Each structure stands twice: as C-alpha cells, then as structure tokens.
Amino acid sequence: MRIDVLTVLPELLRSPFEHSIIKRAQAKGVVEICVHNIRDYTTDKHRSVDDYSFGGDAGMVLKIEPVFVLIEKLKAERTYDEIIFMTPDGERYNQHIANNLSTKTNILLLCGHYKGVDHRVREHLITRELSVGDYVLTGGELAAAVVTDSVVRLLPGAISNETSALSDSFQDNLLSAPVYTRPAEFNGWKVPEVLLSGNFGEIAKWQEEQALERTARLRPDLLNKRCE
Ligand code: ADE
C-alpha cells in the first residue's frame, strides 16, 4: 500500500511516521508513506500557499494552484483509490473506515490548514472527507497521522502477531478486556485468578464477559451497532 500525505507542515508528520509499528512496516515494505510539502509546488514568486478569502471573512485560505499541481502530478503517476481531505466537517472516522482503507492500494491524504482550503479543491479534486472528531485541530496533520497509523497497523505483516490487530477494541464494536502482566500481585492488588489458571476456555469466557461488561458500561452506543 502507498499513502501520500500533502501538507504545508511536513515537519509535523516526521515523528509519528518514524517510530514503532509504522516505522517497521515501512522498513519491511508493507507500506510506503510519502510526505509532500505543498509549498514546493507553488507557482507564486513569494512561495505563498495561502491568501485572503473572497468576501472578507477573517483568516487565510489554502490556495488551489499548488494543491492542484501536486495532486495532478501524483495522479499522473498512479491511480488513487481515495483522495481524502482531512477536515472537522468531514465524515466521522472510525474503525470500520480504517478497515476499509486498509484494503486499498493507493490513498492520498490532504491536510487542511489556515481557515480552510479553496472550496474548488473539495468540489473537484477530493473523493472523500474525514474528521477524527468533533473538535478543531490547528491543521489536518495530526488527523492524517491518526488515519495513517490506524490503517497501517491493519496491513498484513505490519504486526508480527496478526491476530492482535483483529482483537483491538472496536473491531467487533466491543471494547477489549483488561490485560495484566507480572507481578501477579503488586501492592496487594491482584490479577484476576482466572488469568493465572491456565484454563484457556475459562480465560476466553472471562475475556468475552469483560468486553461486554466494559462496553455496556463505557460505550453502550457501540452495542446497538453490533449487528449492523
Ligand atoms: N483538521 C482540523 N480539525 C480536524 C478534525 N477534527 N479532523 C480532521 N481534520 C481536521
């Protein structure tokens, strides 16, 4: 899979893509992540990527020209399954969308900045708009990092124990059961007896009960979605 991220602040994305699972997945060739600086594609002599909005609304707007030039260049090199704009007014991102994106070959993530992007980008170049939640970030970079991270960990070969991504919270619209490690007792606080029993049938039953109980208590909205 290849993920292209278009941003005016490539530095913001360096660290999230250079650690842990994402780093290893790139090293193993499971995913290729390419970060592009939109400013490198401006035709403006001042290299500016933003301008005042028509109509006088306060705040700068990301210009269409450099975004268009960069997207057209990338589209000439490969076919994109999705060209996604990260924006707080997009479709709310969730595990189901992550699973779906992880089956694609090429996706492109455009990070918004300033007051927004010239709307013609959204009308003519974008195939999908995603939000990571009902709050406003300074730009789309952290949101693009969230999408990239959640998609890459699902790719075959990204995680050595492949079942572990499938048992993540939300995969079943269920939160995960609690996990513990040694010591079995710390400060008088004990690990549940069943986990030390070696009885895998009982352990699986306990985990399922815990997952259901935690979901009902913490995220009852998810239980209604289980049969969707
Ligand atoms: N850009 C700014 N806020 C955002 C959000 N909540 N989701 C996606 N992109 C954003």
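## Salt bridges, core and surface of a predicted model

R128, with a relative accessibility of 16%, counts as buried, a class that covers residues under 20% relative accessible area, whereas exposed means over 50% and partly exposed lies in between (1.4 Å probe, protein chains only). The structure is a predicted model, in which local features need pLDDT of at least 70 and side-chain atom pairs count only at pLDDT 80 or more, while totals for chains, interfaces and linings use all residues. Residues are numbered from 1 along each chain as its sequence is written, and side-chain values use heavy atoms, with hydrogens and water left out.

**Salt bridges**

The side chain of R128 meets that of E91 in a salt bridge, with N and O 3.3 Å apart; the term stands for a side-chain nitrogen of Lys or Arg within 4 Å of a carboxyl oxygen of Asp or Glu. Because R128 belongs to strand β7 (residues 128–131) and E91 to strand β5, this pair ties together parts that are 37 residues apart in sequence. Helices (H or I, at least four residues) and strands (E, at least two) are DSSP runs, numbered from the N terminus. In contrast to its buried partner, E91 is partly exposed, at 38% relative accessibility.

A search of the whole structure finds 17 salt bridges, and three of these are set out below.

| Salt bridge | N to O distance |
|---|---|
| R128 and E91 | 3.3 Å |
| E77 and R78 | 3.5 Å |
| R217 and E213 | 2.7 Å |

In the pair formed by E77 and R78, the acidic residue E77 is partly exposed, with a relative accessible area of 44%, whereas R78 is buried at 18%. R217 and E213 both lie in helix α8 (residues 200–218), and because they are 4 residues apart there, about one helical turn separates them. R217 is exposed, with a relative accessible area of 52%, and E213 is partly exposed at 37%. Salt bridges also link R2, D4 and E32 in a network.

**The nonpolar core**

The largest nonpolar core has 31 residues, of which V5, M86, Y93, L101, L109 and V152 touch the most other members. Such a core is a set of buried Ala, Val, Leu, Ile, Met, Phe, Trp, Tyr and Cys residues joined through side-chain atoms within 4.5 Å. At least two residues of this core come from each of β1 (2–7), α2 (20–27), β5 (82–92), α4 (95–101), β6 (106–111) and α6 (141–152). The greatest contribution is that of α6, which gives 6 residues. Strand β5 thus appears in two settings, since it supplies at least two core residues and also holds E91, the partner of R128.

**Cysteines**

How many disulfides does the structure hold? There are 0 disulfides, where the term requires a pair of cysteine sulfur atoms within 2.5 Å. The sulfur of C34 has its closest cysteine sulfur in C111, and because the two are 14 Å apart, they are too far from each other for a bond. C111 is accordingly in no disulfide. Both cysteines are nevertheless covered by the definition of buried, C34 with a relative accessible area of 15% and C111 with 1%.

**Aromatic pair and surface patch**

The whole structure contains 1 aromatic pair according to the search. F186 and W189 form this pair, which is tilted, with 6.1 Å from centre to centre and 55° between the planes. Rings of Phe, Tyr and Trp (its six-membered ring) pair if their centres lie within 6.5 Å, with planes under 30 degrees apart counted as stacked, over 60 as edge-to-face and the rest as tilted. Both F186 and W189 are exposed.

Elsewhere, L9, L12, Y135, L137 and L142 make a nonpolar surface patch of about 430 Å². Patches consist of residues with over 30% relative accessible area and no salt bridge, like charges being joined within 9 Å and nonpolar side chains (Val, Leu, Ile, Met, Phe, Trp, Tyr) within 5 Å; accessible areas come from the Shrake-Rupley method with a 1.4 Å probe, and for residues only the protein chains shown count as cover. One patch member, L12, lies in helix α1 (residues 11–14) and is partly exposed, with a relative accessible area of 39%.

**Contacts across the sequence**

T103 is placed in the loop between α4 and β6 and is exposed, with a relative accessible area of 59%. Its C-alpha atom is 9.0 Å from that of V151, although T103 and V151 are 48 residues apart along the chain. P220, found in helix α9 (residues 220–223), is partly exposed at 44%. P220 and L174 are 46 residues apart in sequence, and their C-alpha atoms are 9.6 Å apart in space.
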